[in-house]
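Student: I have a model open and would like to go through it with you before I plan my week. Can we take it topic by topic?

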Amino acid sequence: MYYPRPGDYIDIHNHDALPVSDIFILDNLMAHEGKLPDHNSGMNYSMGIHPWFLNESNQNQLFEFVNQNTSDEAITAIGEAGFDKLKGPSMSLQRSVFEQQAVLSEKLGKPMVIHCVKAWEELISSHKKLKPKMPWLVHGFRGKTELALQLISRNMFISFWFDFVIRPEAAELIRSLPSDRIFLETDGSGADIREIYKKVADDLHISIVELQNQLLLNYNNIFKIRGK
Ligand SMILES: [Zn+2]
């Protein structure tokens with residue numbers, strides 16, 4: 001397990017990332033790919049079952065892989081996992097496998113990283129049912145302010161979709177949310193996290209250093225890191 005330091009840019013959700021100095025990455029491992037963490041990479045990892053790659057015949061095998069490997073200390077979060085109405089198997093299968101992973105997140109004391117497309121009712125309904133103590137991080141967010149605030153009121157964090165957050169119209173959403181609940185990400189797109197920080201710092205009328213400090217606090221908060 002690694003820890004971000006003051007002055008780092010935190011990329012809270014990436015795929016197949018390579019280490020870059022001054023960028024602290026939470027790299028995502030998808031169970032269907034069968035990849036394990038590299039303990040010398042300087043990165044931390046999330047591991048989970050992405051709904052796009054789930055089906056009736058692989059569900060047990062994928063969950064077994066996640067269950068066996070996520071106690072590894074380099075894996076600090078469970079996911080990405082979640083719901084997608086546009087792609088993937090039935091909502092009932094998506095929901096049962098999501099909830100299995102959320103139960104594992106509670107057992108291991110590791111937060112969830114969530115993929116959610118047009119299935120907010122399902123996500124909130126699972127949250128109401130499971131009443132998790134671990135925070136859930138909704139990645140790739142590009143929805144309405146009211147929805148973001150509703151998720152935040154349920155102890156969730158919001159990471160903005162990399163391609164939305166750099167648009168001028170994203171400024172209003174960014175400014176409307178409590179800054180202790182937000183994260184930034186590149187999601188395997190090759191976007192430059194430093195440019196995303198610059199845009200968001202400008203939107204919030206703060207310096208990049210102030211934004212780095214805030215997102216470091218948020219990181220330490222979601223991962224319950226004290227005194228680092
Ligand atoms: Zn992703």
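**Pocket, metal site and helices**

Tutor: Let us start with the largest pocket, where strand S5 supplies the largest share of the lining, 4 residues; please keep in mind that this is a predicted model.

Student: How much space lies in the largest pocket?

Tutor: The largest pocket holds about 480 Å³ of space. Its lining is made up of 22 residues, and those closest to the centre are His115, Cys116, Val117, Gly140 and Arg142.

Student: And which strands each supply at least two residues of that lining?

Tutor: Both S5 and S6 do so.

Student: Now the metal. Which residues are the protein donors of the zinc ion?

Tutor: The zinc ion has His13 and His15 as donors, each through NE2, together with Glu80 through OE and Asp187 through OD, and these atoms lie 2.1 to 2.2 Å from the ion. Along the chain, the donors follow the spacing H-x1-H-x64-E-x106-D. Distant parts of the chain are linked by one pair, since histidine 13 belongs to strand S1 (residues 9-15) and glutamate 80 to strand S4 (residues 75-84), 67 residues apart.

Student: Why is the arrangement around the zinc ion irregular?

Tutor: The arrangement counts as irregular because the angles subtended by the 4 donor atoms run from 84 to 177°. For a tetrahedral site, all angles would have to lie between 85 and 135 degrees.

Student: Are histidine 13 and glutamate 80 buried or exposed?

Tutor: Histidine 13 is buried, with a relative accessible area of 0%, and glutamate 80 also counts as buried, at 2% relative accessibility.

Student: What about the peptide bond from glycine 79 to glutamate 80?

Tutor: The bond between glycine 79 and glutamate 80 is cis, with omega near 0°, and glutamate 80 itself has its place in strand S4. As background, most peptide bonds are trans, and most residues other than glycine have a negative phi.

Student: Then which residue in the loop between S1 and strand S2 has a positive phi?

Tutor: That is aspartate 16, which has a positive phi of about 50° although it is not a glycine. Aspartate 16 lies in the loop between S1 and strand S2 (23-30), and at 52% relative accessibility it counts as exposed. Asparagine 155 also has a positive phi, near 70°; it is found in the loop between helix H4 (145-153) and strand S7 (156-160), and it counts as partly exposed at 30% relative accessibility.

Student: Back to S4 for a moment. What is phenylalanine 83 in contact with?

Tutor: Phenylalanine 83 is found in strand S4 and counts as buried, at 0% relative accessibility. Leaving aside neighbours within four places in sequence, its contacts include Pro51, Met91, Gln94, Phe98, His115, Cys116, Val117 and Leu123.

Student: Gln94 and Phe98 turn up there. Which residues of helix H2 are buried?

Tutor: The buried residues of H2 are Leu93, Gln94, Val97, Phe98, Glu99, Gln101, Ala102, Leu104 and Ser105. In an α-helix there are 3.6 residues a turn, so residues three or four places apart point the same way. The buried residues of H2 pack against strand S3 (44-48), helix H1 (59-69), S4, strand S5 (112-117), helix H3 (120-130) and strand S6 (136-141).

Student: What span should H2 have, and what follows it?

Tutor: At 1.5 Å a residue, the 18 residues of H2 (residues 91-108) should span 26 Å, which agrees with the 25 Å between its end C-alpha atoms. H2 is followed by glycine 109, whose phi is positive, near 70°.

Student: And helix H8, how far apart are its end C-alpha atoms?

Tutor: The end C-alpha atoms of H8 (residues 208-222) are 21 Å apart, which agrees with the 21 Å expected for 15 residues. Its buried residues include Leu211, Leu215, Leu216, Tyr219 and Ile222, and H8 is followed by lysine 224, whose phi is positive, near 55°.

Student: Last one: where is alanine 201 found, and what is it in contact with?

Tutor: Alanine 201 is found in helix H7 (residues 193-204) and counts as buried, at 1% relative accessibility. Leaving aside neighbours within four places in sequence, alanine 201 is in contact with Ile206, Ser207, Ile208 and Leu211.

Notes
Residues numbered from 1 in each chain as written. Predicted model: local features only at pLDDT ≥ 70, side-chain atom pairs only at ≥ 80, totals over all residues. Heavy atoms only, no water. Donors = N, O, S within 2.8 Å, 3.2 Å for Na, K, Ca; no water. Tetrahedral: all angles 85-135°; square planar, octahedral: opposite > 155°, others 65-115°. Buried < 20%, exposed > 50% of the residue type's maximum accessible area, 1.4 Å probe, protein only. Expected span 1.5 Å × (residues − 1). Contact = heavy atoms within 4.5 Å. 1 Å grid on protein atoms, 1.4 Å probe; cavity = no way out; pocket = protein on both sides within 12 Å on 5 of 7 lines; lining within 4 Å. Points joined across faces, edges and corners; volume = space filled by probe spheres on them.
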